[in-house]
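Take a walk through this structure, one region at a time. Keep the 3D view open as you read.

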Amino acid sequence: MSQKENIVILGGGFVGLTLARRLVKAGVVGKSCEVTVIDKSSSHTYTPWLYEVSSGYLSRNDGRKGRCQLYTSASVPFVGIPGYKDVRFRQEAITGVDFRSRSVFLADGLTVRYSILIIALGTESNYFGIPGLPEHCSPLKSASDAVDIERQVRDLLVDASSANQKNISIIGAGPTGVEFAGEFMMSIRKQIERGELATGAVKVSLIDRKCPLGAFPDSLTRAATKRLEKLGVNVLCNLAVMSVNQKVIELKNAAGDAMVHPCDLAIWSGGVAPVSVIKSLGLPLDPKGRILVDPMFAVKGKKNVYCAGDCASLMNPLSNSVEPMTAQSGVAQAKWIAKNLIAQLTGRSMTAYPFRARWDSLIAVGGTYGVGYVFGLSIKGPLAFYLRRLVDGRYFFSILPWPYALRKWLKGIVLYNKND
């Protein structure tokens, strides 16, 4: 009997979990290969739902139980995860890789050997060297981050009033910032309606050096901005953040004029970069620190080493740009790598990734309103929001057996409806 390939996947995010699930469903795990997924977290985070967790309203009524529900709603624990028979999960941080001996080094001092390695370590917050950002801004990258933001907001609003207004600033008006700003204002409005918070007690600002959703078509940018302003968000465009301290954000406009913006709580959603350990691996990188790969996601000069997701740099000849750092793109890449690995394990040829000229995108902007483009068409309003919910469901069905996926999806929908 031939020796089994030892496939090690670094990262349990969208790429890692999708890839492992595909290999299990193909029936090769335990037969022609062994699979180990290594991640520093104990659970997989569904990041598109973090804006719901961080703006959660129900914890103000349900206390610790509510916060626990919020945390678990966007997380899938690796321990005992259904549908991953014979897949091993290890919780530990990666400290390095020796490609000659095919060894992965872990923070606990142990070493994991591989015959095939997939690097899918994702990203971390990028503060662009702006003074005060790491110390005074709360990132929104994980379920723990989201719950911590919800706690900070709750504590901040204890003594908020029209005479003691609290200023909350969200820096970065990409999808994450827009979704959080919209849903957070829905939570604030609900508290005002119930008499739990005075009108004018909170001012929410969304700050960016461009316009909200600047990468989207102009019509959707305008629609998202109009929606946010209707909800009461103070949208500040074309302003660069120069520094942040505990009470003030220093800004500069296009003309170079400086201004200060009061702030009691700052939330960072302005950018990400590949995790720092990537730089230490000695692999070819693009200017943004992502690993250069070919259309099979193979890393140049390294046999049986592949990279995908947010830390991979794959040039799309159709769009003349690097594949986007999105969940949708990461899942598609993982599915193709799985297909090629199965081909490799069964003695067939690997094939190049089929590029797309454009990716669909759907963004929630408070309540049941959304914007996005699907099949080249721009859409806005409730239709975009409900299509987004279907996309959420489709993802859970792709990584979990259908009874568990259905339960996870419906539980999240019911839970988040309380925010509205």
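Which residue in strand 27 does Gly-370 stand opposite? The partner is Gly-381. This is a predicted model, and the pair of glycines is a good place to enter it.

Look at the two strands around that pair. Strand 26 covers residues 370-374, and strand 27 covers residues 377-381. They run antiparallel and are joined by five bridges. Together they form a hairpin, with two residues between the strands. Phe-375 sits in the turn. Its phi is positive, about 55°.

The hairpin belongs to a sheet. Three strands make up this open sheet, in the order 25-26-27, and the pairing is antiparallel. Strand 25 and strand 27 are the edge strands, each pairing on one side only. Neighbouring strands here are turned by 10° against each other on average, direction ignored.

Now move to strand 25, which spans residues 361-364. Four bridges pair strand 25 with strand 26 in the antiparallel sense. One residue match to find is Ile-363, whose bridge partner in strand 26 is Val-371. Leu-362 also lies in strand 25. Is Leu-362 buried or exposed? Its relative accessible area is 13%, so Leu-362 is buried. To get a sense of scale, find Glu-250 as well. Leu-362 and Glu-250 are 112 residues apart in sequence. In space, their C-alpha atoms are 32 Å apart.

Go back to the hairpin and continue along the chain. Strand 27 covers residues 377-381, and helix 9 covers residues 382-399. Helix 9 has 18 residues. From first C-alpha to last it reaches 27 Å, close to the 26 Å expected at 1.5 Å a residue. Several of its residues are buried, among them Ala-384, Phe-385, Arg-388, Arg-389 and Asp-392. The buried residues also include Tyr-395, Phe-396 and Ile-399. A general point helps in reading such a list. An α-helix has 3.6 residues a turn, so residues three or four places apart point the same way.

The next stop is a pocket. The second largest pocket has a volume of about 210 Å³. Of the 13 residues that line it, the closest to its centre are Val-76, Pro-77, Leu-400, Tyr-404 and Lys-408. Two elements give two or more residues to the lining: strand 4 (75-77) and helix 10 (402-417). Helix 10 supplies the largest share, four residues. What is the chemical make-up of this lining? It divides into seven nonpolar, three polar and three charged residues.

Strand 4 leads on to another residue worth finding. Asp-86 is in the loop between strand 4 and strand 5 (87-91). Its phi is positive, about 75°, although Asp-86 is not a glycine. Asp-86 has 41% relative accessibility, so it counts as partly exposed.

A second sheet comes next. Five strands form this open sheet, in the order 11-18-12-13-14, and the pairing is parallel. Strand 11 (137-139) and strand 14 (234-236) stand at the edges. Each has a single partner strand, so one side of each is left without a neighbour in the sheet. Neighbouring strands of this sheet are turned by 25° against each other on average, direction ignored. Take one edge more closely. Strand 11 is joined by three bridges to strand 18, residues 265-268, and the two run parallel. Here Pro-139 stands opposite Trp-268 in strand 18.

Stay with this sheet and pick out strand 13 (202-207). A loop runs between strand 13 and helix 7 (218-231), and Leu-213 lies in it. Leu-213 has a phi near 55°, a positive value in a residue other than glycine. How is Leu-213 classed at 2% relative accessibility? It counts as buried.

The last stop is helix 6, residues 175-193. Helix 6 has 19 residues and reaches 27 Å from its first C-alpha to its last. That is close to the 27 Å expected at 1.5 Å a residue. Why is helix 6 described as largely enclosed by the rest of the structure? The reason is that 14 of its 19 residues are buried. Gly-195 follows helix 6, with a positive phi near 75°.

Note on methods:
Residues numbered from 1 in each chain as written. Predicted model: local features only at pLDDT ≥ 70, side-chain atom pairs only at ≥ 80, totals over all residues. Heavy atoms only, no water. Expected span 1.5 Å × (residues − 1). Buried < 20%, exposed > 50% of the residue type's maximum accessible area, 1.4 Å probe, protein only. 1 Å grid on protein atoms, 1.4 Å probe; cavity = no way out; pocket = protein on both sides within 12 Å on 5 of 7 lines; lining within 4 Å. Points joined across faces, edges and corners; volume = space filled by probe spheres on them. Nonpolar A, V, L, I, M, F, W, Y, C, P; charged D, E, K, R; others polar. Pairing = 2+ DSSP bridges. Axes fitted to C-alpha atoms, helices over the stretch in contact; angles between N-to-C directions.
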